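Please find below my notes on the model you sent. They are set out as numbered points, to be read next to the coordinates.

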Amino acid sequence: MSATQTVTQTQDSVPQTTLHLRPQSGEQKDQEASQEYRYAHLLPAFDTSEHYEPLTPFEHVDPGHRALNHDNPRAFLDNATSVVELTPNLGSEVHGVDLLSLDSNGRDQLALEVARRGLVVFRDQHAFIDAGPESYLEWGRYFGRLHVHPTSGHPQNYPELHLVYRDQNSTFNFEREESITSSLWHSDVSYELQPPGLTTFFLLSQPTTGGDTLFTSQVSTLKKLSPQFVAFLRTLKAVHSGVEQAEFSRSGRRGGIVRREPVEHVHPLIRRHPVTGEEAIYVNRQFTRRIVGLKREESETLLKFLYDHIDKAVDLQARLKWAPGTIAIWDNRITAHSAIVDYGQSKERRHGARITPQAERPIPALDGLDLSA
């Protein structure tokens, strides 16, 4: 069943029996081909008449601030059956915590924990995933204004939900088919004036093997550099652009939709987290285009050095292997990530949904840095 055959279906047409997705075997794939896809109502929809005005600035207050004043800022983990650090520098994996049951204090504490660890992975969250799009929106709005992606597919009538999708017939991912690797480190939509902060992502369907996600700590990548070099980087700012992504869609790929005209904004090369105060590198291959004030060769050389540093710092990275019911929550301000598209030959479906609250305009690590172009 292809996306073009199913995007017009509604939630009412989806069977309501309780079913938790498991990695598909060949037999299961054959059965699925002749049955209704459980998450058909969350397949990508593209409406050429859909258009939005430019985003306007808003005041963002990070929920993690409130947790700093709690007697136990990690109380939401008290009933966890397991909390394991994925790596010393990045990521924790949690079992036994039901995200849907978290009250406002628990959500505040979650925001602080994600800010401190960069990435927190929650297993066995079937109830959250099966709660549906209205529940997703309520969850995301607690952490900030929900971002509407200018080019990606979204479920019918839910533009605030960003989808990644690939099956044997189609892909709506932003991929570089001319490259020898599918990895492309980025921080989501960093070209916005107020890029995302706490971000929630989960898979609705996944290949039997492959389709993992890589994460890296931009706090730790910065700490690897010499103090003198970091002092210089703090004085710099860079242009982040959504133009290439928009042109990719305008060329007829990824649904061919541009809902909002692309923007470019200037952000500090080194930003400070508003809650923890930690500093992080804030450039990425996908959206950063040039360093303001440097000549072209200087900018390209410096950015290439930073990109290579991010790519190669495997001691600062974590690899998330997805399983049914997994939810990953990360802080886009202090991490970068890359999908691993290594499952194409299997012809299996990978279908994910992202809830993307925006945060503050990036705060320069250097006080008084002028962010005008």
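1. In this predicted model, a right-handed β-α-β unit is made by strand S2, helix H4 and strand S3. Helix H4 covers residues 104-117. Strands S2 (residues 92-95) and S3 (residues 119-122) are paired in the parallel sense, with three bridges between them. Within this pairing, phenylalanine 122 of S3 stands opposite valine 94.

2. Strand S2 also has a partner in strand S1. S1 takes in residues 82-85 and runs antiparallel to S2, to which four bridges join it. Valine 94 of S2 has valine 83 opposite it on this side, as well as phenylalanine 122 in S3. Six residues separate the strands of the S1-S2 hairpin, and in that hairpin glycine 91 has a positive phi near 90°.

3. A second arrangement to look at is the open sheet with the strand order S10-S9-S16, in which three strands pair antiparallel. S10 (279-281) and S16 (363-364) are at the edges with a single partner strand each, so each has one side without a neighbour in the sheet. Between S9 (residues 270-272) and S10 there are three bridges. One of the bridge pairs is arginine 272 with glutamate 279, the latter in S10.

4. Which residues of helix H9 are buried, and how are they placed around the axis? H9 spans residues 243-250, and Gln245, Ala246, Phe248 and Ser249 are buried in it. These residues lie on the same side of H9, because the arc they cover around the axis is only 155°. Just after the helix comes glycine 252, whose phi is positive at about 105°.

5. Arginine 289, in strand S11 (residues 288-291), connects to the same helix. Its side chain is in polar contact with the side chain of glutamate 244 at 2.7 Å, and H9 runs over residues 243-250. Leaving aside residues up to four places away in sequence, arginine 289 touches Val239, Ser241, Glu244 and Leu303. Its relative accessible area is 30%; this lies between the 20% and 50% limits, so arginine 289 is classed as partly exposed. Tyrosine 191 is 98 residues from arginine 289 in sequence, and the C-alpha atoms of the two are 10.0 Å apart.

6. Two buried polar residues deserve a look at their contacts. Histidine 162 belongs to strand S4 (residues 161-166) and is buried at a relative accessible area of 6%. The side chain of histidine 162 makes a polar contact of 2.7 Å with the side chain of serine 152. Glutamine 206 is in the loop that links strand S5 (198-205) to strand S6 (213-217). With a relative accessibility of 10%, glutamine 206 counts as buried, and its side chain comes to 3.2 Å from the backbone oxygen of tryptophan 322.

7. Two residues other than glycine have a positive phi and could be checked by eye. Asparagine 157 has a phi of about 75° and sits in the loop between helix H6 (133-141) and S4. Valine 189 has a phi near 35° and sits in the loop between S4 and S5. Are these residues buried or exposed? Asparagine 157 is exposed, with 64% relative accessible area, whereas valine 189 is buried, with 2%.

8. For the protein as a whole, the count is ten helices and 16 strands. There are 373 residues, and 57% of them count as buried. Among contacts with a separation of 6 or more, 83% are between residues 24 or more positions apart. The exposed area is about 16300 Å², and 49% of this area is supplied by carbon and sulfur atoms.

Note on methods:
Residues are numbered from 1 along each chain as its sequence is written. This is a predicted model: local features need pLDDT of at least 70, side-chain atom pairs count only at pLDDT 80 or more; totals for chains, interfaces and linings use all residues. Side-chain values use heavy atoms; hydrogens and water are left out. Two strands pair if DSSP finds at least two bridges between them. A crossover is right-handed if, with the strands pointing away from the viewer, the path from the first strand over the helix to the second runs clockwise. Buried means under 20% relative accessible area, exposed over 50%, partly exposed in between (1.4 Å probe, protein chains only). The arc is that of the directions from the helix axis to the C-beta atoms. A polar contact is a pair of N or O atoms within 3.5 Å; within protein, one must be able to donate a hydrogen and the other to accept it, and residues adjacent in sequence count only if both atoms are side-chain atoms. Contact means heavy atoms within 4.5 Å. Accessible areas come from the Shrake-Rupley method with a 1.4 Å probe; for residues, only the protein chains shown count as cover.
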